[in-house]
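Open the model in your viewer and keep the selection panel at hand. The tour begins with the whole chain and then moves to one helix.

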Amino acid sequence: MTARLVPGSGTEALASAVAAQLGTELTPCEVERFPDGELRPAVAEVRGDDVFVLRSTGPPVNEHVVELLLLLDACRRAGADRITAVVPYFGYARQDRRGRPGEAVGSRVLADAVASCGADRLLVVDPHTAALEAVCSIPCDMLTAARVVADAIRPSIPDGAVIVAPDLGATKLAERYASLLRHGPVAVVRKTRVSGEEVQAHELVGEVRGRPAVIVDDMISTGRTIEAAMRVLESHGATPAPTVVATHGPLVAGAIDRIAQLGVRGVYLTDTLPVSEAKSLHVCTVSALLADAIDRLTHDRPLDELLFLV
Ligand code: R5P
(Lines give C-alpha, C1' and ligand atoms only; values in the text may rest on other atoms or scores of the structure.)
Protein backbone atom coordinates (compact mmCIF):
# COMPACT_ATOMS: atom_id res chain seq x y z
CA MET A 1 0.00 0.00 0.00
CA THR A 2 1.27 3.47 -0.84
CA ALA A 3 1.40 5.91 2.09
CA ARG A 4 -0.15 9.32 1.44
CA LEU A 5 0.01 12.41 3.61
CA VAL A 6 -2.95 14.75 3.14
CA PRO A 7 -2.50 18.14 4.84
CA GLY A 8 -5.33 20.25 6.22
CA SER A 9 -5.34 23.92 5.29
CA GLY A 10 -2.66 25.91 7.12
CA THR A 11 -0.78 22.79 8.20
CA GLU A 12 1.56 22.79 5.19
CA ALA A 13 4.67 23.81 7.17
CA LEU A 14 4.43 20.90 9.59
CA ALA A 15 3.11 18.52 6.93
CA SER A 16 5.94 19.38 4.53
CA ALA A 17 8.51 18.77 7.25
CA VAL A 18 6.90 15.39 8.01
CA ALA A 19 6.77 14.50 4.31
CA ALA A 20 10.42 15.46 3.83
CA GLN A 21 11.44 13.12 6.65
CA LEU A 22 9.35 10.34 5.16
CA GLY A 23 10.91 10.98 1.77
CA THR A 24 7.52 11.53 0.19
CA GLU A 25 5.44 14.38 -1.19
CA LEU A 26 2.22 15.84 0.13
CA THR A 27 -0.93 14.59 -1.56
CA PRO A 28 -2.69 17.61 -3.06
CA CYS A 29 -5.89 18.65 -1.36
CA GLU A 30 -8.00 21.70 -2.11
CA VAL A 31 -10.35 23.20 0.42
CA GLU A 32 -12.85 25.48 -1.28
CA ARG A 33 -14.59 28.00 0.94
CA PHE A 34 -18.13 29.04 0.11
CA PRO A 35 -19.33 32.60 0.74
CA ASP A 36 -21.46 31.40 3.65
CA GLY A 37 -18.47 29.75 5.32
CA GLU A 38 -19.09 26.15 4.27
CA LEU A 39 -15.99 24.17 3.32
CA ARG A 40 -15.68 21.76 0.41
CA PRO A 41 -12.44 19.78 0.37
CA ALA A 42 -11.33 17.60 -2.52
CA VAL A 43 -8.39 15.18 -2.36
CA ALA A 44 -6.28 13.85 -5.19
CA GLU A 45 -6.24 10.16 -6.08
CA VAL A 46 -5.89 8.02 -2.93
CA ARG A 47 -7.68 4.84 -4.03
CA GLY A 48 -6.25 1.78 -2.33
CA ASP A 49 -3.75 3.86 -0.36
CA ASP A 50 -2.72 4.11 3.28
CA VAL A 51 -3.79 7.69 3.96
CA PHE A 52 -2.73 9.97 6.81
CA VAL A 53 -4.84 13.12 7.16
CA LEU A 54 -2.95 15.76 9.16
CA ARG A 55 -5.19 18.37 10.79
CA SER A 56 -4.83 19.76 14.31
CA THR A 57 -8.09 21.09 15.66
CA GLY A 58 -6.79 24.31 17.20
CA PRO A 59 -8.28 27.80 16.81
CA PRO A 60 -10.61 28.38 15.08
CA VAL A 61 -11.49 25.03 16.64
CA ASN A 62 -14.94 24.38 15.22
CA GLU A 63 -13.90 25.29 11.69
CA HIS A 64 -10.90 22.99 11.89
CA VAL A 65 -12.98 20.18 13.35
CA VAL A 66 -15.38 20.37 10.43
CA GLU A 67 -12.50 20.50 7.96
CA LEU A 68 -10.95 17.39 9.53
CA LEU A 69 -14.25 15.49 9.31
CA LEU A 70 -14.82 16.51 5.70
CA LEU A 71 -11.26 15.53 4.75
CA LEU A 72 -11.72 12.10 6.31
CA ASP A 73 -14.99 11.63 4.47
CA ALA A 74 -13.40 12.79 1.20
CA CYS A 75 -10.61 10.22 1.56
CA ARG A 76 -13.06 7.45 2.39
CA ARG A 77 -15.24 8.26 -0.63
CA ALA A 78 -12.12 8.44 -2.81
CA GLY A 79 -11.43 4.80 -1.95
CA ALA A 80 -8.58 5.02 0.56
CA ASP A 81 -7.77 1.59 1.90
CA ARG A 82 -6.84 2.73 5.41
CA ILE A 83 -7.23 6.18 6.96
CA THR A 84 -5.39 7.54 9.99
CA ALA A 85 -6.50 10.88 11.41
CA VAL A 86 -3.28 12.59 12.55
CA VAL A 87 -4.53 15.23 14.97
CA PRO A 88 -1.47 16.44 16.89
CA TYR A 89 -3.59 18.85 18.92
CA PHE A 90 -6.98 17.31 19.62
CA GLY A 91 -9.39 20.13 20.46
CA TYR A 92 -12.22 19.37 22.90
CA ALA A 93 -9.98 16.91 24.77
CA ARG A 94 -10.42 19.05 27.89
CA GLN A 95 -14.13 18.25 27.84
CA ASP A 96 -13.54 14.73 29.07
CA ARG A 97 -16.36 14.66 31.63
CA ARG A 98 -19.34 16.67 32.74
CA GLY A 99 -18.33 19.44 35.13
CA ARG A 100 -21.97 20.14 36.00
CA PRO A 101 -25.33 18.67 35.09
CA GLY A 102 -26.53 19.52 31.62
CA GLU A 103 -23.12 19.67 29.94
CA ALA A 104 -21.96 17.62 26.94
CA VAL A 105 -18.79 15.51 26.86
CA GLY A 106 -17.08 17.15 23.92
CA SER A 107 -14.14 14.76 23.61
CA ARG A 108 -16.50 11.82 23.16
CA VAL A 109 -18.55 13.67 20.55
CA LEU A 110 -15.45 14.54 18.54
CA ALA A 111 -13.93 11.06 18.85
CA ASP A 112 -17.20 9.52 17.61
CA ALA A 113 -17.34 11.95 14.70
CA VAL A 114 -13.74 11.18 13.65
CA ALA A 115 -14.52 7.45 13.62
CA SER A 116 -17.85 7.79 11.86
CA CYS A 117 -16.37 9.97 9.11
CA GLY A 118 -13.99 7.21 8.08
CA ALA A 119 -10.88 7.20 10.27
CA ASP A 120 -9.60 3.72 11.12
CA ARG A 121 -7.11 5.07 13.62
CA LEU A 122 -6.42 8.29 15.53
CA LEU A 123 -2.93 9.63 16.22
CA VAL A 124 -2.59 12.49 18.71
CA VAL A 125 0.23 14.13 20.68
CA ASP A 126 0.07 14.68 24.46
CA PRO A 127 -3.71 14.82 24.73
CA HIS A 128 -5.14 16.66 27.70
CA THR A 129 -6.00 13.34 29.28
CA ALA A 130 -5.09 9.75 28.57
CA ALA A 131 -8.82 9.06 28.99
CA LEU A 132 -9.13 10.07 25.34
CA GLU A 133 -8.15 6.53 24.38
CA ALA A 134 -11.05 5.15 26.39
CA VAL A 135 -13.66 7.27 24.63
CA CYS A 136 -12.42 6.36 21.14
CA SER A 137 -14.14 3.51 19.35
CA ILE A 138 -11.14 3.20 17.01
CA PRO A 139 -7.51 2.57 18.06
CA CYS A 140 -6.02 5.79 19.41
CA ASP A 141 -2.24 6.19 19.63
CA MET A 142 -1.16 8.94 21.98
CA LEU A 143 2.36 10.13 21.21
CA THR A 144 4.37 12.33 23.53
CA ALA A 145 6.55 15.31 22.65
CA ALA A 146 8.16 15.24 26.09
CA ARG A 147 11.42 13.74 24.85
CA VAL A 148 11.73 16.33 22.06
CA VAL A 149 11.08 19.26 24.40
CA ALA A 150 13.18 17.86 27.26
CA ASP A 151 16.15 17.62 24.88
CA ALA A 152 15.64 21.27 23.95
CA ILE A 153 15.46 22.63 27.49
CA ARG A 154 18.04 20.36 29.14
CA PRO A 155 21.07 22.65 28.55
CA SER A 156 19.32 25.64 30.12
CA ILE A 157 17.84 24.02 33.22
CA PRO A 158 19.69 25.14 36.34
CA ASP A 159 20.84 22.64 38.95
CA GLY A 160 18.31 21.94 41.67
CA ALA A 161 15.32 22.80 39.50
CA VAL A 162 11.91 21.53 40.57
CA ILE A 163 9.40 20.39 37.94
CA VAL A 164 5.98 21.88 38.60
CA ALA A 165 2.58 20.67 37.41
CA PRO A 166 0.30 23.75 37.39
CA ASP A 167 -2.71 21.52 38.06
CA LEU A 168 -3.42 17.93 39.02
CA GLY A 169 -4.05 16.92 35.41
CA ALA A 170 -0.48 17.82 34.44
CA THR A 171 1.11 15.65 37.12
CA LYS A 172 1.89 12.66 34.90
CA LEU A 173 3.44 14.86 32.25
CA ALA A 174 5.52 16.66 34.90
CA GLU A 175 6.71 13.30 36.22
CA ARG A 176 7.67 12.31 32.69
CA TYR A 177 9.78 15.48 32.38
CA ALA A 178 11.34 14.95 35.79
CA SER A 179 12.40 11.50 34.70
CA LEU A 180 13.72 12.65 31.30
CA LEU A 181 15.60 15.57 32.85
CA ARG A 182 16.79 13.44 35.76
CA HIS A 183 15.51 16.02 38.23
CA GLY A 184 14.03 14.59 41.40
CA PRO A 185 11.33 16.74 42.89
CA VAL A 186 7.92 17.36 41.37
CA ALA A 187 5.55 19.91 42.88
CA VAL A 188 1.85 20.20 42.09
CA VAL A 189 -0.38 23.26 42.23
CA ARG A 190 -4.01 22.75 43.15
CA LYS A 191 -6.03 24.73 40.60
CA THR A 192 -9.71 25.16 39.89
CA ARG A 193 -11.10 26.61 36.69
CA VAL A 194 -13.83 29.16 37.24
CA SER A 195 -14.44 29.81 33.52
CA GLY A 196 -12.62 29.66 30.20
CA GLU A 197 -10.68 32.78 31.15
CA GLU A 198 -10.43 32.50 34.90
CA VAL A 199 -8.59 30.01 37.06
CA GLN A 200 -7.74 29.97 40.74
CA ALA A 201 -4.63 28.39 42.19
CA HIS A 202 -5.04 27.50 45.84
CA GLU A 203 -2.08 25.67 47.26
CA LEU A 204 1.03 23.78 46.37
CA VAL A 205 2.19 20.29 47.26
CA GLY A 206 5.96 19.90 47.23
CA GLU A 207 9.05 21.89 48.18
CA VAL A 208 10.00 24.79 45.90
CA ARG A 209 11.66 27.32 48.23
CA GLY A 210 14.91 28.62 46.77
CA ARG A 211 14.60 26.41 43.71
CA PRO A 212 14.29 27.40 40.06
CA ALA A 213 11.09 25.96 38.59
CA VAL A 214 10.13 24.34 35.31
CA ILE A 215 6.36 24.55 34.84
CA VAL A 216 5.04 21.74 32.63
CA ASP A 217 1.57 21.64 31.10
CA ASP A 218 -0.07 20.01 28.09
CA MET A 219 -1.12 23.37 26.65
CA ILE A 220 -1.14 27.12 27.03
CA SER A 221 -4.42 28.65 25.92
CA THR A 222 -5.03 31.98 27.67
CA GLY A 223 -1.94 31.66 29.87
CA ARG A 224 -4.05 32.06 33.03
CA THR A 225 -3.00 28.68 34.40
CA ILE A 226 0.68 29.58 34.08
CA GLU A 227 0.02 32.99 35.60
CA ALA A 228 -1.78 31.48 38.59
CA ALA A 229 0.92 28.84 39.09
CA MET A 230 3.62 31.50 39.06
CA ARG A 231 1.85 33.44 41.79
CA VAL A 232 1.71 30.35 43.96
CA LEU A 233 5.37 29.57 43.26
CA GLU A 234 6.35 33.11 44.18
CA SER A 235 4.39 32.99 47.42
CA HIS A 236 6.16 29.75 48.31
CA GLY A 237 9.60 31.24 47.74
CA ALA A 238 10.61 29.63 44.43
CA THR A 239 13.40 31.35 42.50
CA PRO A 240 11.84 33.96 40.17
CA ALA A 241 11.62 33.49 36.38
CA PRO A 242 10.62 29.87 35.82
CA THR A 243 10.97 28.02 32.55
CA VAL A 244 7.55 27.23 31.04
CA VAL A 245 6.99 24.16 28.89
CA ALA A 246 3.86 23.03 27.06
CA THR A 247 3.20 20.79 24.09
CA HIS A 248 0.43 22.81 22.51
CA GLY A 249 0.07 26.56 22.12
CA PRO A 250 -3.39 27.71 21.06
CA LEU A 251 -2.26 31.01 22.62
CA VAL A 252 -5.55 32.89 22.58
CA ALA A 253 -6.89 35.95 24.38
CA GLY A 254 -3.54 37.76 24.68
CA ALA A 255 -1.65 34.77 26.07
CA ILE A 256 1.72 35.74 24.56
CA ASP A 257 1.69 39.22 26.06
CA ARG A 258 0.36 37.94 29.36
CA ILE A 259 3.15 35.43 29.72
CA ALA A 260 5.81 37.85 28.47
CA GLN A 261 4.86 40.23 31.27
CA LEU A 262 5.22 37.55 33.91
CA GLY A 263 9.00 37.48 33.65
CA VAL A 264 9.64 33.91 32.61
CA ARG A 265 13.06 32.53 31.77
CA GLY A 266 11.76 31.01 28.54
CA VAL A 267 8.63 29.46 27.05
CA TYR A 268 8.97 26.21 25.09
CA LEU A 269 6.17 24.94 22.86
CA THR A 270 5.89 22.60 19.90
CA ASP A 271 4.50 23.13 16.42
CA THR A 272 1.45 20.89 16.85
CA LEU A 273 -0.28 24.21 16.18
CA PRO A 274 1.19 27.06 14.14
CA VAL A 275 2.92 29.35 16.65
CA SER A 276 3.59 33.01 15.93
CA GLU A 277 7.16 34.24 15.83
CA ALA A 278 7.21 35.85 19.26
CA LYS A 279 10.72 36.44 20.56
CA SER A 280 9.97 34.90 23.91
CA LEU A 281 8.91 31.55 22.42
CA HIS A 282 11.11 28.59 21.59
CA VAL A 283 9.35 26.23 19.19
CA CYS A 284 10.38 22.56 19.07
CA THR A 285 9.18 20.62 16.08
CA VAL A 286 7.26 17.36 16.36
CA SER A 287 7.81 16.60 12.67
CA ALA A 288 10.34 13.84 13.32
CA LEU A 289 8.07 12.30 15.95
CA LEU A 290 5.09 12.27 13.57
CA ALA A 291 7.19 10.99 10.67
CA ASP A 292 8.56 8.18 12.83
CA ALA A 293 5.05 7.22 13.98
CA ILE A 294 3.63 7.31 10.45
CA ASP A 295 6.52 5.24 9.13
CA ARG A 296 5.99 2.63 11.86
CA LEU A 297 2.24 2.48 11.25
CA THR A 298 2.79 2.15 7.50
CA HIS A 299 5.07 -0.81 8.08
CA ASP A 300 3.00 -2.30 10.91
CA ARG A 301 5.73 -1.75 13.50
CA PRO A 302 4.97 -0.89 17.15
CA LEU A 303 5.08 2.71 18.37
CA ASP A 304 6.40 1.74 21.81
CA GLU A 305 8.74 4.47 23.07
CA LEU A 306 6.94 7.19 21.09
CA LEU A 307 3.82 6.74 23.21
CA PHE A 308 2.44 8.76 26.08
CA LEU A 309 1.82 6.00 28.61
CA VAL A 310 0.74 6.80 32.15
C1 R5P B 1 -6.28 22.34 31.71
O2 R5P B 1 -6.53 21.60 32.61
C3 R5P B 1 -5.05 22.24 30.85
O4 R5P B 1 -4.19 21.24 31.25
C5 R5P B 1 -4.31 23.55 30.81
O6 R5P B 1 -3.79 23.81 32.10
C7 R5P B 1 -5.21 24.66 30.43
O8 R5P B 1 -6.03 24.29 29.38
C9 R5P B 1 -4.45 25.90 30.06
O10 R5P B 1 -5.39 26.86 29.71
P11 R5P B 1 -5.12 28.38 30.04
O12 R5P B 1 -3.79 28.73 29.43
O13 R5P B 1 -6.26 29.10 29.39
O14 R5P B 1 -5.14 28.55 31.52
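What percentage of the 310 residues of the protein chain count as buried? Select the whole chain: 52% of its residues are buried, meaning under 20% relative accessible area with a 1.4 Å probe, counting protein chains only. This is a predicted model, in which local features need pLDDT of at least 70, side-chain atom pairs count only at pLDDT 80 or more, and totals for chains, interfaces and linings use all residues. Residues are numbered from 1 along each chain as its sequence is written, and side-chain values use heavy atoms, with hydrogens and water left out.

Now show the C-alpha trace. Along its principal axes it spans about 60 × 45 × 35 Å.

Switch to a cartoon view. The protein chain has nine helices and 14 strands; these are DSSP runs numbered from the N terminus, with helices being H or I of at least four residues and strands E of at least two. Among contacts (heavy atoms within 4.5 Å) between residues at least 6 apart in sequence, 64% join residues at least 24 apart.

Next, select residues 106-116, which form helix α3. Which of its residues are buried? They are Gly106, Ser107, Leu110, Ala111, Ala113, Val114 and Ala115. An α-helix has 3.6 residues a turn, so residues three or four places apart point the same way.

Add the neighbours to the selection. The buried residues of α3 pack against α2 (61-77), β5 (82-87), β6 (121-125) and α4 (132-135).

Finally, select glycine 118, just after α3. This glycine takes a positive phi of about 125°.

Methods. Buried < 20%, exposed > 50% of the residue type's maximum accessible area, 1.4 Å probe, protein only.
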